[in-house]
Structures are given as structure tokens and as C-alpha cells.
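Open the model in a viewer and keep the sequence panel beside it. The stops below say what to select and what is found there.

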Amino acid sequence: MVAEIIDGKLFSRKLRDQVAEHVTVLKKEHKVTPGLAVVLVGEDPASQVYVRSKGKQTIEAGMNSYEHKLNEDTSEADLLELVNRLNGDDEVHGILVQLPLPKHINEDAVINSIDPAKDVDGFHISNVGLLATGQKSMVPCTPLGCLLMLKGFHGTLAGMDAVIIGRSNIVGKPMAQLLLNESCTVTVTHSRTKNLEEVVGRADIIIAAVGRAEMVKGDWIKSGATLIDVGINRVEGSDGSKRLVGDVQFSSCSQVAGAITPVPGGVGPMTIACLLVNTLVACCRKYKLIEPDIISN
Ligand code: NDP
């Protein structure tokens, strides 16, 4: 194998340690404990796993965790009422409504009802606008995690050619804004992009956020490129066993790339660590305290 592994587990452990240290200082010197409220509607098994993991890591970082589990048939009005209550709760500094929501609930209405200062997912339109104009905002956790790994690995990213595969509001688009803010030359591709392989082949940095198992192959990429694999796909092996793979074919890409994130153990752990960072940042901003020097945005 040629590529260096960008170890998301290691990066995220360091990040969580930094958060925990900062929380200890906040508690001791300012008598403040950051609090994160996570709202889960319904019984989606993957969402249940994520919410459990978020709660556990929030507590491990020394913060307060508040879980609100609502039935699948909860009305939009009841959910909005809960969000409104959490907006006004002084113990809660961050609010995360786990997506996807059941079909009868308008996700945009719920996201935009969260106080932007507590919007630790960074999906509120105010935060989207602030990020797009290069202002201080809440940055979506997954792209933030990707950026921190890239900066940790490369230092400066200025002038690099970055190609993002996928244009979703939660990964592709904010990722593009973040990389533009780092002075990369950014191309965002999607399902209607022509000659995708050729576009990807020019990139110094490739962010794959598609949701198609092992789509990016080794012969697509430039030698020495850095690959950040956001995809999480559950596939069945020939023996019937299930395993997780990314959007990048690791076996072939790792022979050509300069650096690559594995799945699992790459972007995934960074996403939750960045949620803790955002909760800490939200808490510091509320009391006008010094923010952790973890993200420059
Ligand atoms: P979406 O389904 O919202 O977006 C997928 C994007 O991929 C779309 O923009 C779509 O294009 C594009 N696309 C689909 N097919 C192709 C193709 N053949 N060629 C080029 N582009 C294509 O997904 P998300 O952004 O929410 O998630 C992407 C992946 O990342 C998923 O596997 C998800 O599970 C994972 N994920 C992982 C996280 C983590 O913490 N590790 C967090 C969030 C997501 P178009 O817009 O034209 O339809």
C-alpha cells in the first residue's frame, strides 16, 4: 500500500481530549457546564445508535446530555413546541434534532425553528448564510471533521484543487464553502456531472459524499491525491456477512493515493467529536468566554 492512513479515530480522540480539558476549565473557573440536547423522533435503528453514541461521548467530555425521545407519530407542532422550550432553556447550549424526521414533519421548518446560536448541526439558514459569507457561524459537523483532518495532515490547503462528489446541504455544499475559505480551487460534482472520472482525476483533494459503495476507483485518481471518504454503505459479502464500506474503493485507491481515510474509522468519529466542539463553542459564545482554539472559523 502506498497511501498514508488518515486516522479519524486518533484525530477524534485528540479533539475530544481538547474539548474535555476546556470543559474542565469552564466548570472550575466559570461554574458553567455545556449542555447538549438531542431530539430523536421515531425508532430508526441507525439514528438510535447515533443518538446513543452522541449522548455517551457528551458525558465523557464532561458536558450535560439531555435526550428527548418522541414517538414516530409526534406532530410537527409538538416537536416545534419542544424545540421552542429547549431554545429558552439556559442549561441547554446546543440542540440537535436527529435527521431524518418522519415524512409528515417538515424538516426545514424544524431546523429553522432552532435558535441559530444553539444550532450545533449548523443547518439553520442563518448559519448557512454566515458560513457562505465567511463569517463566524456554527459549522456542520461532518464537513468540519473533514476539514480538520485535511488541515491536520497538510497544514495549509491554499491553492490545492479540491473536488467534492455530492452536493447535499449537510455535506457537499458546506464542504465547498469551507474549502473555498481555505483558498482551495473547488469543484462540486453531482449525479449530472459529465466525465466525472476526468474531473476527479485532476484533484489534489477528493471528498466523496455520495452514498454509493466503492464508487471511486484507484484508476480515477491522480497519484498522491488525498482522499476523504464520507460515505457509509452497508454491503453484504459473498458469505452473507454485512460490512461497512465507503464511497471509495479502498483496495485500489490506497495503491495510488498519497493519503486516505478508512471506513469505518475515518470521517465518522470526527463527526461526533465536532458536535462536542460546536456545543462547547456555543456555550462559550453565550457567556462571551474565550472559545477553544480548535477551529479558526
Ligand atoms: P445525499 O443522498 O443527500 O447526497 C448524495 C449526493 O451524491 C447528491 O448530491 C447526488 O447528486 C450525488 N450523487 C449520487 N449519485 C452520484 C453519481 N453517480 N455521481 C456523482 N454524484 C452522485 O447524501 P449525503 O450527503 O447525506 O451523504 C452522502 C454519504 O455520506 C452517505 O453514504 C451518508 O451515509 C454519508 N454520511 C456520513 C456521515 C459521517 O458522519 N461519516 C455524515 C453524513 C453522511 P444529485 O444532487 O444530483 O442527486
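Which residue of β3 does Leu36 stand opposite? Select both strands to find out: the partner of Leu36 is Ser65 in β3. Keep in mind throughout that this is a predicted model.

**Stop 1: the two domains**

Colour residues 31-117 as domain 1 and residues 141-268 as domain 2. Their C-alpha centres are 29 Å apart.

**Stop 2: the three-stranded sheet**

Stay with the strands of the opening question. β2 covers residues 35-41 and runs parallel to β3, with seven bridges joining the two. Add β4 to the selection: the three strands form an open sheet in the order β3-β2-β4, with parallel pairing. β3 (64-70) and β4 each have a single partner strand and stand at the edges, so one side of each has no neighbour in the sheet. Between neighbouring strands of this sheet the average turn is 15 degrees, direction ignored.

Now show the helices on this sheet. α2 lies across β2, β3 and β4, and runs at about 160 degrees to β3. Helix α3, residues 76-87, also packs on the sheet and touches β2, β3 and β4. The direction of α3 makes about 180 degrees with that of β2.

**Stop 3: the six-stranded sheet**

Select β1, β11, β8, β7, β5 and β6 in that order, which is their order in an open sheet with parallel pairing. The edges are β1 (4-5) and β6 (185-189); each has a single partner strand, so one side of each is left without a neighbour in the sheet. Zoom in on β5 (residues 161-165), which is joined to the parallel strand β6 by five bridges. Within this pair, Ile165 stands opposite Thr189 of β6. α7 packs on the sheet and touches β5, β6 and β7 (205-208). Relative to β5, the direction of α7 is at about 170 degrees.

**Stop 4: the largest pocket**

Display the pockets next. The largest has a volume of about 1400 Å³. Its lining holds 45 residues, and those nearest the centre are Tyr50, Thr142, Ile232, Gly268 and Thr271. Select these five to place the view.

Which helix gives the largest share of this lining? That is α2, with seven residues. At least two lining residues come from each of α2 (45-60), β4 (94-97), α6 (141-154), β9 (233-236) and α10 (267-286). Colouring the lining by class gives 25 nonpolar, 13 polar and seven charged residues. Domain 1 and domain 2 each supply at least three residues of the lining.

**Stop 5: the second largest pocket**

Move on to the second largest pocket, with about 340 Å³ of space. It is lined by 18 residues, and Gly122, Phe123, Val128, Asn169 and Ile170 are the closest to its centre. α5 gives the largest share of the lining, five residues. α4 (107-111), α5 (125-132) and α7 (172-181) each contribute at least two residues. By class, the lining has 10 nonpolar, five polar and three charged residues.

Why does this pocket lie between domain 1 and domain 2? It does so because both domains give residues to its lining.

**Stop 6: the cavity**

How many cavities of 30 Å³ or more are there? The count comes to one, and the space in this largest cavity is about 40 Å³. Select Leu96, Val97, Leu99, Ile111, Ile114, Asp119, Asp121 and Phe123 to show its lining. Six of these lining residues are nonpolar, none is polar and two are charged. Phe123 belongs to this lining and is also among the residues closest to the centre of the second largest pocket.

**Stop 7: backbone details**

Most residues other than glycine have a negative phi, and most peptide bonds are trans. Three places are worth selecting with that in mind.

- Leu99 and Pro100 are joined by a cis peptide bond, with omega about 0 degrees. Pro100 is in the loop between β4 and α4, and Leu99 is one of the residues lining the cavity.
- Val263 and Pro264 are likewise joined by a cis peptide bond, with omega about 0 degrees. Pro264 is in the loop between β11 (259-260) and α10.
- Lys31 has a positive phi, near 55 degrees. This residue, Lys31, is in the loop between α1 (8-30) and β2.

Key:
Residues are numbered from 1 along each chain as its sequence is written. This is a predicted model: local features need pLDDT of at least 70, side-chain atom pairs count only at pLDDT 80 or more; totals for chains, interfaces and linings use all residues. Side-chain values use heavy atoms; hydrogens and water are left out. On a 1 Å grid over the protein atoms alone, a cavity is a set of points where a 1.4 Å probe fits but cannot get out, and a pocket is an open set with protein on both sides within 12 Å along at least five of seven lines; lining residues have an atom within 4 Å of a point. Grid points are joined across faces, edges and corners, and a volume is the space filled by probe spheres set on the points. Helices (H or I, at least four residues) and strands (E, at least two) are DSSP runs, numbered from the N terminus. Ala, Val, Leu, Ile, Met, Phe, Trp, Tyr, Cys and Pro count as nonpolar, Asp, Glu, Lys and Arg as charged, and the others, Gly among them, as polar. Domain bounds come from an automatic or database domain assignment. Two strands pair if DSSP finds at least two bridges between them. Axes are lines fitted to C-alpha atoms, for helices over the stretch in contact, and angles run from 0 to 180 degrees between N-to-C directions. Contact means heavy atoms within 4.5 Å.
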